[in-house]
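This report describes the fold, the nonpolar cores, the helices and selected individual residues of one protein chain. The sequence and the structure are shown first.

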Amino acid sequence: MTSVRLCSPADISRLNLCNLDPLTENYAQKFYFDYIAKWPTMFIVAENQRGQIIGYVMGKVEEDPEYLKILGDKYLPWHGHVTALTVAPQYRQMGLAKQLTAHLDRACEEENAWFMDLFVRVSNETAINMYKKMGYSVYRRVVGYYSDNPTGKGDSEDAFDMRKSLSRDKHKRYIRENGESYHINPEDIYHG
């Protein structure tokens with residue numbers, strides 16, 4: 001049986017089963033500890049019956065500074081962000097990613113966020129389809145977001161900025177159709 005719970009500092013050294021996957025972004029230990037300290041309800045792990053961490057999601061809530069509202073539709077209001085979501089390869093296709101993101105969604109709802117967002121490589125069709133099944137849609141394409149390109153086609157790779165409205169966004173103000181054709185540069189994402 002798998003249990004889902006908040007991440008503790010002791011768990012950071014136990015993420016290897018997930019982090020050894022080539023599609024998982026790896027960070028310095030300080031980065032993980034910062035998330036636990038700043039957003040303790042938004043770092044969630046899945047643990048198997050042997051006590052191994054087999055998946056996790058890291059998230060946060062953020063917004064652009066108030067004075068940047070003059071940017072209009074480029075201004076990012078209070079929202080939840082999926083920083084990392086990963087499940088160990090042998091535990092995929094079991095609904096763990098959906099279970100983990102549901103916990104993060106609830107935490108962001110409690111923070112009164114407008115929407116959830118995340119970035120995913122345009123070549124990662126499996127993840128894109130999974131996120132779409134969870135209610136996400138492509139908001140825009142960020143040209144050259146990733147500085148590496150594992151496909152071997154160029155030096156960098158684009159990302160899709162995918163979003164899902166939360167209950168506060170009743171009129172779907174922060175979602176758009178045909179986001180794949182709306183291109184921006186990485187420096188246009190966050191202005192804080």
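The description below proceeds from the overall architecture to single residues.

**Overall architecture**

The model is a predicted one. Its secondary structure amounts to 4 helices and 8 strands, arranged along the sequence in the order β-α-α-β-β-β-α-β-α-β-β-β. Along the principal axes, the C-alpha atoms occupy a box of roughly 50 × 40 × 30 Å. The radius of gyration is 17 Å, which agrees with the value near 16 Å for a compact globule of 192 residues.

Burial applies to 47% of the 192 residues. The exposed surface comes to about 10,300 Å², of which carbon and sulfur atoms supply 51%. Among contacts with a separation of 6 or more, 67% join residues 24 or more positions apart.

**Nonpolar cores**

The largest nonpolar core contains 45 residues, and the members touching the most others are Phe-43, Tyr-56, Tyr-131 and Met-162. At least two residues of this core come from each of helix H2 (29-38), strands S2 (43-47), S3 (53-62) and S4 (79-87), helix H3, strand S5 (115-121), helix H4 (125-133) and strand S7 (157-165). A second core, separate from this one, has 6 residues, including Phe-119, Tyr-146, Ile-184 and Ile-189.

Which residues does Tyr-131 contact, leaving aside its neighbours within four places in sequence? They are Leu-85, Leu-118, Val-120, Tyr-136 and Met-162.

**Helices H2 and H4**

In H2, the buried residues are Tyr-32, Tyr-35 and Ile-36. Viewed down the axis of H2, these buried residues fall within an arc of 100°, so they line one face of the helix. They pack against helix H1 (16-19) and against S2, S3 and S4. The face of H2 turned away from the buried side carries Lys-30, Ala-37 and Lys-38, which are exposed.

In H4, burial applies to Ala-127, Ile-128 and Tyr-131. The buried residues of H4 also fall within an arc of 100° when seen down its axis, so they line one face of that helix. Their packing partners are S4, S5 and S7. Glu-125, Thr-126 and Lys-133, on the other side of H4, are exposed. Just after H4, Gly-135 adopts a positive phi of about 105°.

**Helix H3 and positive phi values**

H3 covers residues 96-110, 15 in number, and spans 22 Å from its first C-alpha to its last, close to the 21 Å expected at 1.5 Å a residue. Its buried residues are Leu-96, Ala-97, Leu-100, Thr-101, Leu-104, Asp-105, Ala-107 and Cys-108. H3 is followed by Asn-112, which is placed in the loop between H3 and S5. Asn-112 has a relative accessible area of 42% and is therefore partly exposed.

Most residues other than glycine have a negative phi. Asn-112, however, has a positive phi near 60°. Lys-172 likewise shows a positive value, near 55°, and is located in the loop between S7 and strand S8 (183-184). The residues with positive phi described here are listed below.

| Residue | Location | Phi |
|---|---|---|
| Asn-112 | Loop between H3 and S5 | near 60° |
| Gly-135 | Just after H4 | about 105° |
| Lys-172 | Loop between S7 and S8 | near 55° |

**Two partly exposed residues**

Leu-17 belongs to helix H1. Is this residue buried or partly exposed? Its relative accessibility is 27%; because buried means under 20% and exposed over 50%, Leu-17 counts as partly exposed. Not counting residues up to four places away in sequence, Leu-17 touches Gln-52, Ile-53, Ile-54, Ala-88, Pro-89, Gln-90 and Tyr-91. Leu-17 and Asp-158 are 141 residues apart in sequence, with a C-alpha to C-alpha distance of 27 Å.

Ser-137 is situated in strand S6 (residues 137-146). With a relative accessibility of 23%, Ser-137 also counts as partly exposed. Beyond residues up to four places away in sequence, its contacts are Asp-161, Met-162, Arg-163, Ile-175 and Arg-176. The C-alpha atoms of Ser-137 and Lys-30 are separated by 31 Å, the two residues being 107 residues apart along the chain.

How values were computed: Residues are numbered from 1 along each chain as its sequence is written. This is a predicted model: local features need pLDDT of at least 70, side-chain atom pairs count only at pLDDT 80 or more; totals for chains, interfaces and linings use all residues. Side-chain values use heavy atoms; hydrogens and water are left out. The expected span of a helix is 1.5 Å times one less than its number of residues. Buried means under 20% relative accessible area, exposed over 50%, partly exposed in between (1.4 Å probe, protein chains only). A nonpolar core is a set of buried Ala, Val, Leu, Ile, Met, Phe, Trp, Tyr and Cys residues joined through side-chain atoms within 4.5 Å. Contact means heavy atoms within 4.5 Å. The arc is that of the directions from the helix axis to the C-beta atoms. The radius of gyration is taken over C-alpha atoms; the globule rule is 2.2 Å times the number of residues to the power 0.38. Accessible areas come from the Shrake-Rupley method with a 1.4 Å probe; for residues, only the protein chains shown count as cover.
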